[in-house]
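Visitor: Hi, could you walk me through this one? I'd like to go over pockets, sheets and helix packing.

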Amino acid sequence: MEAMAVQDGRAFRKRLVPEPGKPPQPLRDPLGDRPVKEVPLPPAQVLTSDTFYKDGQPDIQHLLAHLTLEGALAQELLLEVIQKASALFREEPNLLKLNDPITVVGDIHGQFYDLKKLFEIGGSADTTQYLFLGDYVDRGSFSVEVVTALYALKIKYPATVKMLRGNHESRQMTTFFNFREECEHKYDIGVYNAFMESFDCLPVAATINGKFMCVHGGLSPDLKSVETINTLDRFCETPKDGTLCDLIWADPLEPKEGEMRPRENKSQPFIANEVRGCSYFFSFDAGLVFVKKNRLLSIIRAHEAQLEGYKMHKENPASGFPIVITVFSAPNYCDVYNNKGAILKFDNSTLNILQFNSSEHPYHLPNFMDVFQWSLPFVIEKVSEMIYHILQPMAGVTEHDAELPEHPGSDGPGINHRHSLTDGENQTVEMATRLAAFTVAQGQAEKVEPEAKERIKNKVRTIAKMARMFKTLRQENETVVRLKGICPGHRLEPGLLLAGRDKLNSEQDLFSNAQGVDLVNERRPSQS
């Protein structure tokens, strides 16, 4: 076997290539002493084109099995998959025109193991037509696996696997969140750049049966006709304003629980979207006018987490059908939302909603830190305790703890010995002599010693504070790590750690029950 060095941005790691024509072999366990034997051994070798392709097409089952075990692809193979999928996207128009039967999927956000569950309930891609509404990456730790799997499906089933662009399929968002970091950790910056170029090629909208318009975000004040979408130049980074931005970033003017949005005003169908930091909120009236003019039943979009995995917005009085339907397909979003995922199935002009719960998945520490970094709070706590116990006795020395010095000029005990005195009397004289010498020495040094003792005491107090701080960090390490996992770039809200244990727990509860605390992360980052 040939060893191949792959740079992951922090270090070089050896990846082994399997023998030609053979699948990747699992990591060896020659001693059979793994503590958790029920966890399958990960592949020790990369997946190459020799076994990725079967009869000239991607072997999807083989790929999914490899990715499930957290296996990697040979980098040249992954770049080839990205290039082939990108070529297929370039050939497609901005607006896809599709017909049922079809399954519509909302945000996935790097939750690869939930994507597998989605295929179980939605149907295999070889027999089911799929439309994905975007946001394949960021937040979750398996975005590379999600996009790799979807691109392989696109290559094998180009006519029935359709993908739209979401707001996270951009350089700005993936740098602010964690997809770029994930690419550099698992491969290198070249793979990240290839993914970004492929995202620029994704279509931005679709229609189903000519009655439903599907986008990631929502409507634009500049969009009057569905057909206008085909006049846009989509082959670029998502702009900060304009129709393309609105299709990807806009939201309906209907507040989520705990969120303050502007009140609907009939004279203002579009209101600046301060929550997102770009684009607009579009009102019910704006949606009603658009669907009526374009002879649509509804607008289907993703872009917002939903407790039940979907939301039927206000109904059109004329048709009795919701003007807007939101679908979200990432259950237990960020591992804390405790929401369901959902998909929409259209068949024979009938809409069915299928919900599903989250699946177990391997755990990654934030920033893809290793166990040694994660264990630092434990180590520092113990080191600070050791320093504290070393310094404490020094600070606590008192006069009666000190050893009495020898008499100045003496060669040791016995110089004042008198034969006329008994042994007991001689010992008393010797003790008195040494005590006198000690009293003189103490008087000479009394100006210096209190200062030295105070310095030592101050050091002990500092070390004690450090010990308590690191004990808190160690005790709250798991909570802090979970909170960091759902923050952009894994950065915690300023002041959260200073508020103490009760604040951490209350924030965790908020994350588990609603999107309130996470709302700031829905905002588009400022342009750098």
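What follows is a chat about the pockets, sheets and helix contacts of this model.

Guide: Sure. One thing up front: this is a predicted model.

Visitor: Fine. What volume does the largest pocket have?

Guide: About 780 Å³. Its lining has 30 residues, and the closest to the pocket centre are P42, P43, L69, E70 and G71.

Visitor: Which elements give two or more residues to that lining?

Guide: Strand 2 (12-17), helix 2 (60-68), helix 5 (143-156) and helix 7 (179-186). The largest share comes from strand 2, with four residues.

Visitor: And how does the lining of the largest pocket divide into nonpolar, polar and charged?

Guide: It's 17 nonpolar, six polar and seven charged.

Visitor: Now the closed spaces. How many cavities of 30 Å³ or more are there?

Guide: Three. The largest cavity holds about 100 Å³ of space. It's lined by 11 residues, and P252, E254, S283, F284 and H313 are the closest to its centre.

Visitor: What classes line the largest cavity?

Guide: Six nonpolar, two polar and three charged residues.

Visitor: Let's switch to sheets. What's the strand order in the sheet of five?

Guide: The order is 8-7-6-17-18, in an open sheet with mixed pairing. Strand 8 (161-163) and strand 18 are the edge strands, each pairing on one side only. From one strand to the next, the twist averages 20°.

Visitor: Are strand 6 and strand 7 parallel or antiparallel?

Guide: Parallel: strand 6 (residues 102-105) and strand 7 (residues 130-132) pair over three bridges. V105 sits opposite F132 in strand 7.

Visitor: What about strand 17 and strand 18?

Guide: Those are antiparallel, with seven bridges between strand 17 (residues 341-347) and strand 18 (residues 350-356). G341 has F356 in strand 18 as its bridge partner. The two strands, 17 and 18, make a hairpin with two residues between them.

Visitor: Which residue in the turn has a positive phi?

Guide: N348, at about 55°.

Visitor: Which strands does helix 4 lie across?

Guide: Helix 4 (residues 112-122) lies across strand 6, strand 7, strand 17 and strand 18, and runs at about 140° to strand 18. Helix 5 packs on the sheet too, touching strand 7 and strand 8, and its direction makes about 130° with that of strand 8.

Visitor: OK, back to strands. What order does the open sheet of three strands have?

Guide: It's 11-13-12, with mixed pairing. Strand 11 (251-252) and strand 12 (270-272) stand at the edges with a single partner strand each, so one side of each has no neighbour in the sheet.

Visitor: How do strand 11 and strand 13 pair?

Guide: In the parallel sense, over two bridges, with strand 13 covering residues 280-282. D251 stands opposite F281 in strand 13.

Visitor: Last topic, helix packing. At what angle do helix 3 and helix 8 pack?

Guide: Helix 3 (residues 75-91) and helix 8 (residues 189-199) pack at about 10°, and their axes are 9 Å apart. Angles under 35 degrees count as roughly parallel, so helix 3 is roughly parallel to helix 8.

Visitor: Which residues meet there?

Guide: From helix 3, Q75, L78, L79, I82, S86 and F89; from helix 8, G190, V191, A194, F195 and S198. By class, the contact of helix 3 with helix 8 has seven nonpolar, four polar and no charged residues.

Terms used: Residues are numbered from 1 along each chain as its sequence is written. This is a predicted model: local features need pLDDT of at least 70, side-chain atom pairs count only at pLDDT 80 or more; totals for chains, interfaces and linings use all residues. Side-chain values use heavy atoms; hydrogens and water are left out. On a 1 Å grid over the protein atoms alone, a cavity is a set of points where a 1.4 Å probe fits but cannot get out, and a pocket is an open set with protein on both sides within 12 Å along at least five of seven lines; lining residues have an atom within 4 Å of a point. Grid points are joined across faces, edges and corners, and a volume is the space filled by probe spheres set on the points. Ala, Val, Leu, Ile, Met, Phe, Trp, Tyr, Cys and Pro count as nonpolar, Asp, Glu, Lys and Arg as charged, and the others, Gly among them, as polar. Two strands pair if DSSP finds at least two bridges between them. Axes are lines fitted to C-alpha atoms, for helices over the stretch in contact, and angles run from 0 to 180 degrees between N-to-C directions. Angles under 35 degrees count as roughly parallel, over 145 as roughly antiparallel, 65 to 115 as roughly perpendicular and the rest as oblique. Contact means heavy atoms within 4.5 Å.
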